[in-house]
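Thanks for making the time today. I would like to take you through one part of the structure we have been looking at, and I will try to keep the claims modest.

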Amino acid sequence: MPAALDAARRGEGLGALALPANFAVLPPAEQQFDLVDLARLARAIEGKTPRFGGIASGTFALAASGATADSLVGTLGGTARLSVRNASDRRVDWLSTLAAGHAVLGHSAFADAEAQMHLAAGKLTFDDLSLLGERGRLEAAGALDLTRGGALEVVARVLSPRRGPALDARIYRVTGSAADPRVELRPAAVTTPPTPARPRHERR
């Protein structure tokens, strides 16, 4: 088994496993170990051409099993709190997409990104995604279904680059997919302004 794992790791550009010198003669109970190949898992989710970039850190409690991309994605589960520096999306310009109401291909760059995420059955739900860039701060909450081609159901808004008032007071609903998002304004409650009272001298 170690030889097969080493071969798979070489395919991902990784080195051989560091196992005890006497691993082959250890009792089976002592040869058992859990291994998470994050590189393979990321390729299964993102595809062969990397789309997202950045330096990530955080806490993860994730589980997945299977040998194929579909089985890995379909069994994803757990929670994560993630912080990313110099986050990027090489396919979609998200701020321009919100402004235009349809997918705008391009490059999104954010100095910082933070998110609290939950995964179950291949569906990623995020509660407080925050993306900070020079053009503004994008806040969003919703879900990304990894088993349905990245289907989106997200509510988002754009704020000033630092904590402060909104640059765009509108709330957006984003559907479609991560590759081809569709944007519409979220319905807002309609209020009728009160009719101003007529001056007393005009009353009859």
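I will begin with the nonpolar core and then turn to individual residues.

Please keep in mind throughout that this is a predicted model. The largest nonpolar core has 29 residues, and the ones with the most contacts inside it are Leu98, Met117, Leu138 and Val174. At least two residues of this core come from each of strand S2 (77–89), helix H5 (94–100) and strands S3 (108–120), S4 (123–133), S5 (136–145), S6 (151–159) and S7 (166–176), with S3 giving the largest share, five residues.

Let me take Met117 next. Setting aside neighbours within four places in sequence, Met117 is in contact with Gly78, Thr79, Ala80 and Leu82, and also with Leu124, Thr125 and Phe126.

Val174, for its part, lies in strand S7, and it counts as buried because its relative accessibility is 4%, where the cut-off for buried is under 20%. Beyond four places in sequence, Val174 touches Trp94, Leu98, Leu152, Glu153, Val154, Pro181, Arg182 and Val183. The C-alpha atoms of Val174 and Leu185, which are 11 residues apart along the chain, are separated by 8.7 Å.

Finally, is Asp93, in the loop between S2 and H5, buried or exposed? Asp93 is buried, since its relative accessible area is 12% and the same cut-off of under 20% applies. The side chain of Asp93 makes a polar contact of 3.0 Å with the side chain of Ser96, and, again leaving out neighbours within four places, Asp93 is in contact with Val104, Leu105, Gly106, His107, Ser108 and Arg135.

Conventions
Residues are numbered from 1 along each chain as its sequence is written. This is a predicted model: local features need pLDDT of at least 70, side-chain atom pairs count only at pLDDT 80 or more; totals for chains, interfaces and linings use all residues. Side-chain values use heavy atoms; hydrogens and water are left out. A nonpolar core is a set of buried Ala, Val, Leu, Ile, Met, Phe, Trp, Tyr and Cys residues joined through side-chain atoms within 4.5 Å. Buried means under 20% relative accessible area, exposed over 50%, partly exposed in between (1.4 Å probe, protein chains only). Helices (H or I, at least four residues) and strands (E, at least two) are DSSP runs, numbered from the N terminus. Contact means heavy atoms within 4.5 Å. A polar contact is a pair of N or O atoms within 3.5 Å; within protein, one must be able to donate a hydrogen and the other to accept it, and residues adjacent in sequence count only if both atoms are side-chain atoms.
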